[in-house]
Amino acid sequence: MCRITAAGKEAAVARFLQEFPDAPRAGRDHPALRGCDDIAWADFPGCPAGIPALLRSLLDPAAAAEAERVLCTVLMDSPFTVGPAMPTALSFLLHLAADPAVPVRTELIEVLFVVAELSQPVDGCSERAIRFLGSDRDHPERARCRAVFAEHAALVRGLLDDRTLPDGFIPADERASLLKATV
């Protein structure tokens with residue numbers, strides 16, 4: 001399966017910061033990001049230290065789309081596997097997605113759908129599912145993501161009821177997936 005290497009993640013962050021050197025200043029004082037600089041992101045296997053810069057850059061209108069793309073790249077281990085840092089980043093992503101002023105808010109909500117879906121337990125009796133997604137024992141980040149969703153269940157329900165989002169933006173299956181992740 002296509003794996004994203006630690007070196008590839010570091011290079012992606014470095015390219016982003018070279019292209020948008022001032023972007024991280026945009027979110028310096030945003031309340032949703034309080035504490036993100038205090039986390040030792042590089043201690044997570046395969047995670048670059050630049051996560052706080054990417055999170056803050058989500059608030060820079062000129063850089064937000066690229067910051068969201070790079071952030072997704074570095075928080076995932078493969079297209080179908082959340083990385084070990086995702087549960088920690090998830091709280092920040094939930095709070096940012098709840099803010100209508102975030103330039104890439106709808107994209108962040110879509111990321112939350114993906115994380116909710118990829119965080120579901122894998123049927124241990126299904127050899128095919130385990131071969132494709134790995135066992136839950138090998139991916140404890142799934143359970144940790146579900147715990148973050150559960151801890152922020154009120155925030156998730158608020159997103160699902162948010163009238164500032166476009167009508168029909170959250171289809172029934174994605175709504176169900178997010179709610180299921182909060183249990």
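## Three helices around a cavity

Let's start inside this predicted model. Helix H3 (64-75), helix H4 (86-97) and helix H5 (105-118) each supply at least two residues to the lining of the largest cavity. Which helix gives the most to that lining? H3 does, with four residues.

Here's the full cast: the largest cavity is lined by Glu 68, Leu 71, Cys 72, Leu 75, Met 86, Leu 93, Leu 108 and Val 111. Sort those lining residues by class and you get seven nonpolar, no polar and one charged. The space in the largest cavity comes to about 40 Å³, and the structure holds one cavity of 30 Å³ or more.

## The largest pocket

Now for the pockets. The largest pocket has a volume of about 170 Å³. Its lining includes a run of neighbours you can look up in the sequence: Leu 159, Leu 160, Asp 161, Asp 162 and Arg 163 are among them. Leu 165, Pro 166, Asp 167, Gly 168, Phe 169 and Ile 170 also line the largest pocket, and so does Arg 175.

How do the residues of this lining divide by class? The lining of the largest pocket has six nonpolar, one polar and five charged residues.

## H8 meets H9

Two helices are worth a look here: H8 (residues 153-160) and H9 (residues 172-181). They pack at an angle of about 170°, and their axes lie 10 Å apart. An angle over 145 degrees counts as roughly antiparallel, so H8 is roughly antiparallel to H9.

Which residues do the meeting? On the H8 side you'll find Val 156, Arg 157 and Leu 160, while H9 brings Arg 175, Leu 178 and Leu 179. The residues of this contact divide into four nonpolar, no polar and two charged. Two of these names may ring a bell: Leu 160 and Arg 175 are also in the lining of the largest pocket.

## The whole chain

Time to zoom out. The secondary structure of the chain comes to nine helices and two strands. Follow the sequence along and you'll read the pattern α-α-α-β-β-α-α-α-α-α-α. The chain's radius of gyration is 16 Å, close to the 16 Å that the globule rule gives for 183 residues, so the chain is as compact as a globular protein of that length.

What does the C-alpha trace span along its principal axes? The answer is about 50 × 40 × 25 Å.

Technical notes:
Residues numbered from 1 in each chain as written. Predicted model: local features only at pLDDT ≥ 70, side-chain atom pairs only at ≥ 80, totals over all residues. Heavy atoms only, no water. Axes fitted to C-alpha atoms, helices over the stretch in contact; angles between N-to-C directions. Parallel < 35°, antiparallel > 145°, perpendicular 65-115°, else oblique. Contact = heavy atoms within 4.5 Å. Nonpolar A, V, L, I, M, F, W, Y, C, P; charged D, E, K, R; others polar. 1 Å grid on protein atoms, 1.4 Å probe; cavity = no way out; pocket = protein on both sides within 12 Å on 5 of 7 lines; lining within 4 Å. Points joined across faces, edges and corners; volume = space filled by probe spheres on them. Rg over C-alpha atoms; globule rule 2.2 N^0.38 Å.
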